[in-house]
Amino acid sequence: MAAPLDELTSWRADWQGLRVVVLGLGVTGFAAADTLAELGARVTVAARTPDAERARILPVIGVDLVELTGDDASDGDAVLALDAELAIVSPGFRPDQPLIRAIQDAGIPIWGDIELAWRVRDKVEPAAEWILITGTNGKTTTTQLTATMLREGGLRAAPCGNIGVPVLDAVRDPAGFDVLVVELSSFQLHWGPTAGPGALVPLATTCLNLAEDHYDWHGSAGAYRDAKAKVYENTRVACVYNRRDEATMRMVEEADVIEGCRAIGFGSDTPGPSDIGVVDDLLVDRAFLAERHTSALELASLADLAQAGLQTPHGLANALAAAALARAAGVEPAAVRDGLRAFRVDAHRTEVVAAAGDIVWVDDSKATNAHAAASALAAYRSVVWIAGGLAKGVDLAPLVAAHVDRLRAAVLIGDDRSALREAFSRHAPHLTVLEVTAGETDGVMPEAVRLAAQVAEAGDTVLLAPAAASMDQFTDYADRGRRFAEAVRRHTEGGPDDEHPTPSSDAR
């Protein structure tokens, strides 16, 4: 018989025979099921339309599968019939779903994958330190950049979590790591405890920013904010916050941290003591040096940022946050500089895909909410903006109102464009607003590019920054960005789908 749940705080604890139901068979759910099976637990995965390849592997690792029907009552009955002692919930399950409520009403404890990973983090000893990163935007770039800086400083560091590599996989890597740099979504933070045996005690943490997003999942702005704020709880060395985002500062002020933990601010202005910021064209550190009241350490130059593709305002903010986290882990200033020089921004993040006829085409398909789109828009002087998709319950009218002065025109995509159309009608009645009417996915981006080309002028940037999720018309944001880039290249190189060919010599 397994030990009580409160005693399960080590890989070497007695997990044998623990009855666990894992909800969901995505990347996270499979990692949780695989981990628990390795620990000797009796595991059943409950999932709707489970991934066929992962479902095929489950019997091999000794895990059962229950396929859910989508009917709330029957799904609840099926899960409760398993007589589980513990439920592991994947981030996609909303807390107000009837199945979750049925599990809670039955008195079955619910953990997220992050809590499970923290409890078994000592599989490879010594256990790695954890650095936690959340925020409405910039999480993935900051996570990757922080890990790069740590590696340049000689530490074995792994970016993981919501970035695509489950933390449980990183914890079980036989090579082991010195530091795990963990990107956390608000969904993962929601399920994490802030006290007790499953509470994380990280080395350093940050919430990069806070803006409207995922209100449909959390139910309110307050619930979303509270989930993000959890990232700072129990931090040991440094709570890193955005000096230009008061909400993050308030989170740090309210957090219950380990004695001796410091608040470290970052911003693009001149830093004060205990801050990281910019002086002239240099990133400087006035936080991690003894003489911080009278001097600063040079970390890198703005030229280093540009080389990495981080020259936009939000790219600079991400770099400053990463520098603060890396310095909190003890790496030298030179490692920050070398990390920036070694780093390249991922695709679909303010990525220039073509420049032709003095018009620049930029793919920021990763801008899936208003805050990210605002950062992208602010980086350019005159924009033909391609926007729209699933707004996730967020009102985009303030975004339109704030940036109308820099818009040449707008091209609307998405199955439902009514709210965005109304926002432009109200806040930019004289702006040229074109709508993509293609019904099939294959036709959306070619039409969007053709329409944008009709109104773009020399000196303009055609910017795909949808301020919305992609799943109404595309597989994901990457699919949306790839299709945009392909359509742009066909247009700028005079391909068959281009109504207004540009000489190929101008395409580069």
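These legends accompany views of a predicted model, from the whole chain down to one ring pair.

**View 1. The whole chain, with 19 helices and 20 strands.**
The radius of gyration is 24 Å. The globule rule gives 23 Å for 508 residues, so the chain is as compact as a globular protein of that length. Along its principal axes, the C-alpha trace spans about 70 × 65 × 40 Å. Buried residues make up 55% of the 508. The chain exposes about 20200 Å², and carbon and sulfur atoms supply 48% of that area. Contacts reach far along the sequence. Among those between residues at least 6 apart, 64% join residues at least 24 apart.

**View 2. An open sheet of nine strands.**
The strand order is S7-S8-S6-S9-S10-S11-S12-S13-S14. Pairing in this sheet is mixed. Strands of a sheet pair through backbone hydrogen bonds, either parallel or antiparallel. Strand S7 (157-161) stands at one edge and strand S14 (297-301) at the other. Each has a single partner strand, so one side of each is left without a neighbour in the sheet. On average, neighbouring strands are turned by 20° against each other, direction ignored.

**View 3. Strands S12 and S13, an antiparallel pair.**
This view picks out two neighbours from the sheet order. Strand S12 covers residues 275-279, and strand S13 covers residues 282-285. Four bridges join them. One residue to look for in this view is Ile 276, whose bridge partner in S13 is Asp 285.

**View 4. Helix H11 across three strands.**
Helix H11 spans residues 246-254. It lies across strand S9 (204-207), strand S10 (238-242) and strand S11 (262-266). Relative to S10, helix H11 runs at about 155°. S9, S10 and S11 follow one another in the order of the nine-stranded sheet.

**View 5. Helix H13 across strands S6, S9, S10, S11, S12, S13 and S14.**
Helix H13 spans residues 313-328. Among the strands it lies across is S6 (129-134). The edge strand S14 is another of them. Helix H13 runs at about 135° to S12.

**View 6. Trp 15 and Trp 111, an edge-to-face pair.**
A search of the whole structure finds three aromatic pairs, and this is one of them. The ring centres lie 6.2 Å apart. The planes meet at 85°, so the pair is edge-to-face. The two residues come from distant parts of the chain, 96 residues apart. Trp 15 sits in the segment before strand S1 (19-23), while Trp 111 belongs to strand S5 (residues 110-112). Both Trp 15 and Trp 111 are buried.

How values were computed
Residues are numbered from 1 along each chain as its sequence is written. This is a predicted model: local features need pLDDT of at least 70, side-chain atom pairs count only at pLDDT 80 or more; totals for chains, interfaces and linings use all residues. Side-chain values use heavy atoms; hydrogens and water are left out. Two strands pair if DSSP finds at least two bridges between them. Axes are lines fitted to C-alpha atoms, for helices over the stretch in contact, and angles run from 0 to 180 degrees between N-to-C directions. Contact means heavy atoms within 4.5 Å. The radius of gyration is taken over C-alpha atoms; the globule rule is 2.2 Å times the number of residues to the power 0.38. Buried means under 20% relative accessible area, exposed over 50%, partly exposed in between (1.4 Å probe, protein chains only). Accessible areas come from the Shrake-Rupley method with a 1.4 Å probe; for residues, only the protein chains shown count as cover. Rings of Phe, Tyr and Trp (its six-membered ring) pair if their centres lie within 6.5 Å; planes under 30 degrees apart count as stacked, over 60 as edge-to-face and the rest as tilted.
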